[in-house]
Amino acid sequence: MNKKIILLLIVTLLTVASCNIPLRKVIPTPTPTPTPDLSMQWYYGEGMQIMLPPSYIAEDIKDQLPAIIETITNLVGTSDGFAADLVKDLEGNVAWYGFDGGTPAVYPTRLIVVKNKSLAGLPVGMIALGLEQVLGRDNTQVDRDTLTLDGREVTRFTYSKDANAWAAYIFKEEGWLWINVFITTPANMATSLDDYDTSIGSIQIDPINE
């Protein structure tokens, strides 16, 4: 059940009905950057902080919960069982949520950072494999990469087709599983993926009080 929950969460956040994952590749470790790009600034969330361009604006996830819950229900066809387990503490698991005011207002780039305690005991590789299996129901192209971002081991999923694109980053730290998703357009992702990588590498995780 845990794998289904985490996979549905990622699928929901990406707002895509899912994909066939044909490729697995390991990207050569990029040269570490000691300090993030000076054009970025710190944004503070629940138990974490991240460097983003100053055009980002934090939002309250409460405003988006109804739409997210509706999407989950539509995907699984029910609001009971593991769907109910997923949505009951979604608000409490969101560490940061916001959008880039410097991207087109019609479809601005959004970032959501989700933390999960109960799934932190599972290997990231197992979670990634389960994600591939669930997303492989249709014929959408999704790439999975293994990266080291400023010393942090990260699994990155990317998708870009038609008007939709996203980059999802998964790693474990301080006893939590962290899911970070940039939801954007293909044009924005083509020019900003390196910036997304830099932002994820910049994340600082602070111990979260239970």
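Is Arg-156 buried or exposed in this predicted model? Arg-156 is buried, with a relative accessible area of 5%. The legends below start from this residue and its partners, then move to other parts of the chain.

**Figure 1. Asp-145 and Arg-156 form a salt bridge between their side chains.** The N-to-O distance of the pair is 2.8 Å. Asp-145 sits in strand S7 and Arg-156 in strand S8, eleven residues apart, and the pair links distant parts of the chain. The two residues are also matched in the strand pairing, as Arg-156 is the bridge partner of Asp-145 in S8. Asp-145 has 2% relative accessibility and therefore counts as buried, the cut-off being under 20%. Arg-156, at 5%, is buried as well. A third residue, Asp-197, joins Asp-145 and Arg-156 in a network of salt bridges. Side chains of opposite charge can pair when their charged atoms come close.

**Figure 2. Strands S7 and S8 run antiparallel and are joined by eight bridges.** S7 is mostly covered, with seven of its nine residues buried. The hairpin made by S7 and S8 has two residues between the strands. Asp-150 lies in this loop, between S7 (141-149) and S8 (152-161). The phi of Asp-150 is positive, at about 50°, although the residue is not a glycine. Most residues other than glycine have a negative phi. Asp-150 has a relative accessibility of 42% and so counts as partly exposed.

**Figure 3. Glu-174 has a positive phi in the loop between strands S9 and S10.** The angle is about 55°, and Glu-174 is not a glycine. The loop lies between S9 (164-173) and S10 (176-184). With a relative accessible area of 44%, Glu-174 is partly exposed.

**Figure 4. Glu-173 and Arg-152 meet in a salt bridge between strands S9 and S8.** The N-to-O distance is 2.9 Å. Glu-173 belongs to S9 and Arg-152 to S8, so the pair ties together parts that are 21 residues apart in sequence. The two ends of the bridge fall in separate accessibility classes: Glu-173, at 26% relative accessibility, counts as partly exposed, whereas Arg-152, at 10%, counts as buried.

**Figure 5. Glu-59 forms a salt bridge with Arg-110.** The closest N and O atoms of the pair are 2.5 Å apart. Glu-59 is in the loop between strand S4 (56-58) and helix H2 (65-76), and Arg-110 is in strand S6 (residues 110-116), so the contact ties together parts that are 51 residues apart in sequence. Glu-59 is partly exposed, with a relative accessible area of 29%. Arg-110 is partly exposed too, with a relative accessible area of 25%. A search of the whole structure finds four salt bridges.

**Figure 6. Asn-180 is a buried residue of strand S10.** Its relative accessibility is 0%. Leaving aside residues up to four places away in sequence, Asn-180 touches Ile-112, Val-113, Ala-167, Ala-168, Tyr-169, Phe-171, Ile-200 and Ile-203.

**Figure 7. Helix H6 contains a kink centred on Ser-192.** The kink is about 65°. H6 (residues 186-202) has 17 residues and reaches 23 Å from its first C-alpha to its last, which is close to the 24 Å expected at 1.5 Å a residue. Ser-192 itself is among the buried residues of the helix. The other buried positions in H6 include Asn-188, Met-189, Leu-193 and Tyr-196. Also buried in H6 are Asp-197 and Ile-200; Asp-197 belongs to the salt-bridge network with Asp-145 and Arg-156, and Ile-200 is one of the residues touched by Asn-180.

**Figure 8. The whole chain, for orientation, has six helices and eleven strands.** Of its 210 residues, 48% are buried. Among contacts between residues at least 6 apart in sequence, 64% join residues at least 24 apart. The accessible surface of the chain comes to about 10,100 Å², and carbon and sulfur atoms account for 52% of that area.

Key:
Residues numbered from 1 in each chain as written. Predicted model: local features only at pLDDT ≥ 70, side-chain atom pairs only at ≥ 80, totals over all residues. Heavy atoms only, no water. Helix = DSSP H or I, 4+ residues; strand = E, 2+ residues; numbered from the N terminus. Buried < 20%, exposed > 50% of the residue type's maximum accessible area, 1.4 Å probe, protein only. Contact = heavy atoms within 4.5 Å. Areas by Shrake-Rupley, 256 points an atom, 1.4 Å probe, with all protein chains shown as cover. Pairing = 2+ DSSP bridges. Expected span 1.5 Å × (residues − 1). Bend = angle between axes of the 7 residues up to and from the residue.
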